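Reader: I am new to this structure. Please walk me through it.

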Amino acid sequence: MTQTPEDLRYTEEHEWVRRISPTRVRVGITDYAQSQLGDVVFVQLPATGAEVAAGDGISEVESTKSVSDIYAPLSGKVVAANQELEAKPETLNTDPYGAGWLFELEVGDAAALDSTLGELLDAAGYQGVIGG
């Protein structure tokens with residue numbers, strides 16, 4: 001059974017979003033996504049400083065089975081990328097909700113982030129997407 005932590009928000013593209021400050025979120029792929037991908041062998045991260053719009057393909061995860069695009073779950077600025085994944089991409093398989101995070105986004109203000117997070121799926125909604 002795949003894990004779907006209750007404290008995160010989710011997208012239908014199998015990304016999770018964790019709020020880490022009033023205007024910043026950390027983003028990764030879900031346990032379900034990594035289990036579908038299989039062994040991750042390469043991660044292409046977004047450039048720090050890049051302005052992204054919700055839905056933009058901004059990263060890629062390559063596994064032994066396929067290459068998957070990672071989409072920005074919300075509009076903002078990339079303020080951090082998990083460089084550890086360049087040396088150890090398999091961390092996405094072993095710790096998708098912890099050390100396997102992909103990037104962090106900064107948004108304009110806390111109210112805008114509140115609104116955007118409210119539009120994303122909660123854990124139960126995501127379970128509905130994956131048939132869990």
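Author: Here are short questions and answers on the fold, the surface and the strand pairing.

Reader: What pattern does the protein chain follow along the sequence?
Author: This is a predicted model. The protein chain has five helices and nine strands. Read along the sequence, they follow the pattern β-β-β-α-β-β-β-β-β-α-α-β-α-α.

Reader: Why is the protein chain called as compact as a globular protein of that length?
Author: The globule rule gives 14 Å for 132 residues. The protein chain is close to that value, so it is as compact as a globular protein of that length, with a radius of gyration of 14 Å.

Reader: What share of the residues of the protein chain count as buried?
Author: Buried here means under 20% relative accessible area. The protein chain has 132 residues, and the share that count as buried is 43%.

Reader: How much of the exposed area do carbon and sulfur atoms supply?
Author: The protein chain exposes about 6300 Å². Of that area, carbon and sulfur atoms supply 47%.

Reader: How far apart are the mean positions of the positive and negative charges?
Author: The protein chain has 8 positive and 22 negative charges. Their mean positions are apart by 6 Å.

Reader: Which strand pairs with strand S3 and also with strand S8?
Author: Strand S3 covers residues 24-29 and has an antiparallel partner over four bridges. In that pairing, Arg-24 stands opposite Glu-106. Strand S8, residues 76-81, also pairs in the antiparallel sense over four bridges, and Ala-80 stands opposite Glu-104. The partner in both cases is S9.

Conventions:
Residues are numbered from 1 along each chain as its sequence is written. This is a predicted model: local features need pLDDT of at least 70, side-chain atom pairs count only at pLDDT 80 or more; totals for chains, interfaces and linings use all residues. Side-chain values use heavy atoms; hydrogens and water are left out. Helices (H or I, at least four residues) and strands (E, at least two) are DSSP runs, numbered from the N terminus. The radius of gyration is taken over C-alpha atoms; the globule rule is 2.2 Å times the number of residues to the power 0.38. Buried means under 20% relative accessible area, exposed over 50%, partly exposed in between (1.4 Å probe, protein chains only). Accessible areas come from the Shrake-Rupley method with a 1.4 Å probe; for residues, only the protein chains shown count as cover. Lys and Arg count as positive and Asp and Glu as negative; His and the chain ends are not counted. The place of a charge is taken as NZ of Lys, CZ of Arg, CG of Asp or CD of Glu. Two strands pair if DSSP finds at least two bridges between them.
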